[in-house]
Amino acid sequence: MSMDANLTLHTDKYQINMMYAHWGHGTHLHRAVFDVYFRKLPFGNGFAVCAGLERIVDYVRNLRFGEEELAYLAEQEEAYAPDFLEALRQFKFTGDIYAVPEGTVVFPGEPLIRVEAAVMEAQLIETAVLNFLNYQTLIATKAARTKQVAPNDMLLEFGTRRAQEADAAIWGARAAYLAGFDATSNLRAGMLFGIPTKGTHAHAWVQSHDSEANAFERYAAALPDQVTLLVDTYDTLKSGLPNAIRTARWLEARGKRMQAIRLDSGDLAYLSIKAREMLDAAGLPYVKIVASNDLDEHIIFNLKAQGARIDAWGVGTQLITAGDQPALGGVYKLVAREKDGDFVPVIKISGNPEKVTTPGVKDVYRIVNQQTGKAEADYIALKGETDVSQGERIKLFDPVHPYIHKYVEDYEALPLLQPIFQGGALVYKLPTLAQIREYHREQLALFWPEYLRKLNPESYPVDLSTAAWELKMSLIEQHRK
Ligand SMILES: Nc1ncnc2c1ncn2[C@@H]1O[C@H](COP(=O)(O)OP(=O)(O)OP(=O)(O)O)[C@@H](O)[C@H]1O
Ligand SMILES: O=P(O)(O)OC[C@H]1O[C@H](OP(=O)(O)OP(=O)(O)O)[C@H](O)[C@@H]1O
Ligand SMILES: O=C(O)c1cccnc1
């Protein structure tokens, strides 16, 4: 079997089964509209950072059932009819996709992607779209939290060895970078995406020499412009620091400057403060201090509160695995379907009000106050509602407590969903990763700090238009009868 990625069968079997059943009944080309959204923010954060679109675009463009895929499907116990497999041979994505650009600050309950396509096409892509979007958005959000506690420090992504396999490592590195990390240790992520790469050395380098002093010197001799020395193999303050200081002097004598030392165990606050004193006393104020060792945003925040003198943070396991919450629960829900040539809205009812879907084909607008330049709410309107897109007075109300409301008129409505595919053709120019990173930074500036803070943030309003709300209520009512 070739491992070259044809991702077309990167889907749940039930999608193919539904496609087959639609095909058998002749409904496979009926159009359907699906929304992608998540219901709950991860990590107790006040926002999420949308990521995954670039991978989704690549996936959708390359959807094809090749011989290997078709032969495999032919073996399945479902006994799919040969004519169905022939139809799959012709398959391509011919639908429309709208999506929120990567780096956008997003909130629960709002569509991040809208797929309008033949139901067979829309169904096939559900699994992969969620797989990409959920993971990358989760890691970008975790990275944004880390960036928030160390906004002016260097953040290094070190997670590959602990990541949930290879794709997670590289796409996680990319997600971390777009949300504010400065570099990754993964060279392939660097090569594929243009992320800056950085590397120090491991304990193995020190252990593979007779002495730490000798190890440091030989490392400095080999890479004199990129010297960061790991000082904790034997005794950080008694051995690692003095040896590193000697190496820095050795480099100075050759006209070079040592970049940094790295601390990877022990009390990082205490050790960094002591190390800073020793480096400064040795006339080496330019030598920076890197720390690593199971770091996350909480430990970094704590270390800073303790006065740690750390300039750069290597963050691995907790970031790349989103250790404290390893999944985002983004869902893909049918909101409208074609019937007699028209779209009719559909709903999914649930005893849990959060799980009742919002029917209809919808757009999402970010309502930005013209006076303050800050976002006031996101506003979900039915496609074709013109008051919001034309900046007329709109009513903002809490969909859970609709009596809490206000009217706004002095606003700019920024549409969040952008056309990505139209009739199967890519119509979106993918931004560069540098542009996404910059855009993400600008996004944060749109929000009041109370929505962004790491602990107990205010919840940002995501509102429905009156028409969208009434449609939802009427479908709920209809199903109660
Ligand atoms: N001053 C500090 N305040 C809070 N947490 C800290 C502080 N210093 C280090 N930590 C964190 O505490 C944890 C310490 O891990 P652990 O108990 O395994 O100690 P260690 O120093 O790594 O020991 P080992 O030598 O076995 O690696 C790490 O997550 C580290 O980042
Ligand atoms: O702690 P994380 O946030 O996951 O960051 C990555 C970790 O990976 C390395 O340790 P490892 O013990 O794998 O190798 P080493 O011998 O280089 O320390 C490095 O020293 C970090 O501690
Ligand atoms: O360069 C480093 O120091 C590094 C890279 C990956 C994991 N831990 C450390």
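These are legends for a set of close-up views of one predicted model.

**Figure 1. The whole protein, before zooming in.** Let's start with the full chain of this predicted structure. Its C-alpha atoms fill a box of roughly 80 × 60 × 40 Å along the principal axes. The secondary structure adds up to 17 helices and 21 strands. There are 481 residues in the protein, and 43% of them are buried. Taking contacts with a separation of 6 or more, 72% are between residues 24 or more positions apart.

**Figure 2. Two stretches that carry a UniProt domain annotation.** An unreviewed UniProt entry gives residues 155-344 as "domain: Nicotinate/nicotinamide phosphoribosyltransferase". In the model that span is 43% helix and 17% strand, and its end C-alpha atoms lie 48 Å apart. UniProt (unreviewed entry) also lists residues 362-472, as "domain: Nicotinate phosphoribosyltransferase C-terminal". Here the make-up is 25% helix and 35% strand, with 12 Å between the end C-alpha atoms.

**Figure 3. What sits around ligand 1.** Walk along the chain and you meet S265, G266, D267, L268 and A269 in this shell, then N293, D294 and L295, and finally I299, N302, L303 and Q306. Two elements, α11 (268-281) and α12 (297-305), each give two or more residues to it. The largest share, 3 residues, comes from α12. By type, the shell around ligand 1 splits into 5 nonpolar, 5 polar and 2 charged residues.

**Figure 4. Two residues with positive phi in the loop before α12.** Keep an eye on N293 and D294, both of which are among the residues around ligand 1. N293 sits in the loop between β10 (288-291) and α12, and D294 is placed in the loop between β10 and α12 too. Most residues other than glycine have a negative phi. N293 is not a glycine, yet its phi is positive, at about 130°. D294 is not a glycine either, and has a positive phi of about 55°. How buried or exposed is N293? It has 16 other C-beta atoms within 10 Å, so it counts as partly exposed. For D294 the number within 10 Å is 13, which also makes it partly exposed.

**Figure 5. The shell around ligand 2.** This ligand has 15 residues around it, and F158, A202, H203, G316 and T317 come nearest. The elements that supply two or more residues to the shell are β11 (312-315) and α13 (317-320). Sorted by type, the residues around ligand 2 are 4 nonpolar, 7 polar and 4 charged.

**Figure 6. The shell around ligand 3.** Which residues surround ligand 3? They are F158, S185, G199, T200, R262, S292, G314 and G316. That shell divides into 1 nonpolar, 6 polar and 1 charged residue. If F158 and G316 look familiar, they are also among the residues that come nearest to ligand 2.

**Figure 7. Helix α15 and its buried side.** This helix covers residues 433-445, and a quick length check works out nicely: at 1.5 Å a residue, its 13 residues should span 18 Å, and the end C-alpha atoms are 19 Å apart, so the two agree. I436, H440 and Q443 are the buried residues to look for in α15. Why do they share a side of the helix? They cover an arc of only 60° around the axis, which puts them on the same side of α15. As a reminder, an α-helix has 3.6 residues a turn, so residues three or four places apart point the same way. The buried residues of α15 pack against β2 (48-49), β4 (105-106) and α6 (165-178). Turned away from that buried side is a face with the exposed residues A434, E442 and A445.

**Figure 8. F84 and its contacts.** Our last stop, F84, lies in helix α4, which runs over residues 82-89. Setting aside neighbours within four places in sequence, F84 is in contact with Y20 and W23. F84 has 18 C-beta neighbours inside 10 Å, so it counts as partly exposed; being buried would take 20 or more. I420 is 336 residues away from F84 along the chain, and the C-alpha atoms of the two are separated by 29 Å.

Conventions:
Residues are numbered from 1 along each chain as its sequence is written. Chains are lettered from A and ligands numbered from 1 in the order in which they are written. This is a predicted model: local features need pLDDT of at least 70, side-chain atom pairs count only at pLDDT 80 or more; totals for chains, interfaces and linings use all residues. UniProt positions are given in the numbering used here, feature names are shortened, and annotations may be inferred rather than shown by experiment. Helices (H or I, at least four residues) and strands (E, at least two) are DSSP runs, numbered from the N terminus. A residue is near a molecule or strand if its C-beta atom, placed from the backbone, lies within 6 Å of it. Ala, Val, Leu, Ile, Met, Phe, Trp, Tyr, Cys and Pro count as nonpolar, Asp, Glu, Lys and Arg as charged, and the others, Gly among them, as polar. A residue is buried if 20 or more other C-beta atoms lie within 10 Å of its own, exposed if 12 or fewer, and partly exposed in between; C-beta atoms are placed from the backbone. Two residues are in contact if their C-beta atoms, placed from the backbone, lie within 7 Å. The expected span of a helix is 1.5 Å times one less than its number of residues. The arc is that of the directions from the helix axis to the C-beta atoms.
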